[in-house]
Amino acid sequence: MRSVWLAMPLLMCSPCSGAFWAGKRVLLTGASSGLGEALARELSARGATLAIAARRQERLQAVAESCANPQLVHVLPLDLAGETATELGDKVNQAAQLLGGPIQVLICNAGLGQRTSAVETSAEAHRRIMATNFEGSVALIREALPPMLEMGDGCAVVAVSSVQGFFGQPQRS
């Protein structure tokens, strides 16, 4: 199994280019907008079978329909902050059913941000951000990992992070 990569090198590195994606079964979180939406389109064009996941089902459907191979893109409503570990396990199983087999590549791209100062950000907002950006992804990885480890080579877990983790900016708590 491959180690964790960053999102853009993921598409550019030689092991991941060309035929690597053709027929891969991919679960992609945070796919309703931004980088996740762009990754869904790119991976679809490269021949991957996708389960795209996010909170906004109507946006996911629009993304699926805009992909190069919409027949290989499946919508999976998912709220990383609002699901228990058991429910996330069920979502992993649903994704495997939609994909026609166990997940081979898990891309954890879901994330929330807050455009206020730390003092102005409520405790509930901090809780939801951590539940989505960290705890939900960790729980999802724990559920998806055992079958991936069994399959061995050709599987990968990708954790997408923001540059905000390295460089703070005002009003970005």
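Me: What relative accessible area makes Glu42 partly exposed?
Reply: This is a predicted model, in which local features need pLDDT of at least 70, side-chain atom pairs count only at pLDDT 80 or more, and totals for chains, interfaces and linings use all residues. Residues are numbered from 1 along each chain as its sequence is written, and side-chain values use heavy atoms, leaving out hydrogens and water. Buried means under 20% relative accessible area, exposed over 50%, and partly exposed in between (1.4 Å probe, protein chains only). Glu42 is partly exposed because its relative accessible area is 31%.

Me: With which residue does the side chain of Glu42 meet in a salt bridge?
Reply: Side chains of opposite charge can pair when their charged atoms come close. A salt bridge is a side-chain nitrogen of Lys or Arg within 4 Å of a carboxyl oxygen of Asp or Glu. The partner of Glu42 is partly exposed, with a relative accessible area of 24%. The N to O distance is 2.7 Å, and the residue that Glu42 meets is Arg46.

Me: How many salt bridges does the chain hold by this rule?
Reply: Among them are the pair of Glu37 with Arg41 and the pair of Arg59 with Glu37. By the stated rule, the count of salt bridges is five.

Me: How far apart are the closest N and O atoms of Glu37 and Arg41?
Reply: Glu37 and Arg41 stand four residues apart in helix α2 (residues 34-45), so about one helical turn separates them; helices (H or I, at least four residues) and strands (E, at least two) are DSSP runs, numbered from the N terminus. Glu37 is buried at 14% relative accessibility, whereas Arg41 is partly exposed at 36%. In the salt bridge of Glu37 with Arg41, the distance between the closest N and O atoms is 2.7 Å.

Me: Which residue is linked with Glu37 and Arg41 in a network of salt bridges?
Reply: A salt bridge to Glu37 has its closest N and O atoms 3.1 Å apart. This pair links distant parts of the chain, 22 residues apart, joining helix α3 (residues 57-66) to helix α2. The partner in helix α3 is partly exposed, with a relative accessible area of 27%. The residue linked with Glu37 and Arg41 is Arg59.

Me: Which residue offers the backbone nitrogen that the side chain of Thr29 reaches?
Reply: Thr29 lies in strand β1 (residues 25-29) and is buried, with a relative accessible area of 1%. Contact means heavy atoms within 4.5 Å; not counting residues up to four places away in sequence, Thr29 touches residues including Ala53, Leu78, Ile107 and Leu140. At 2.8 Å, the side chain of Thr29 reaches the backbone nitrogen of Asn109.

Me: In which helix is Phe134, a member of a nonpolar surface patch?
Reply: Patches are made of residues with over 30% relative accessible area and no salt bridge, like charges being joined within 9 Å and nonpolar side chains (Val, Leu, Ile, Met, Phe, Trp, Tyr) within 5 Å. Met130, Phe134 and Val138 form such a nonpolar patch, with about 270 Å² of accessible area together; accessible areas come from the Shrake-Rupley method with a 1.4 Å probe, and for residues only the protein chains shown count as cover. Phe134 itself is partly exposed at 47%. Its place, in residues 123-151, is helix α5.

Me: Which pattern does the chain follow along the sequence?
Reply: The secondary structure comes to five helices and five strands. Read along the sequence, the pattern is α-β-α-β-α-β-α-β-α-β.

Conventions
Polar contact = N/O pair within 3.5 Å; in protein donor to acceptor, adjacent residues only side chain to side chain.
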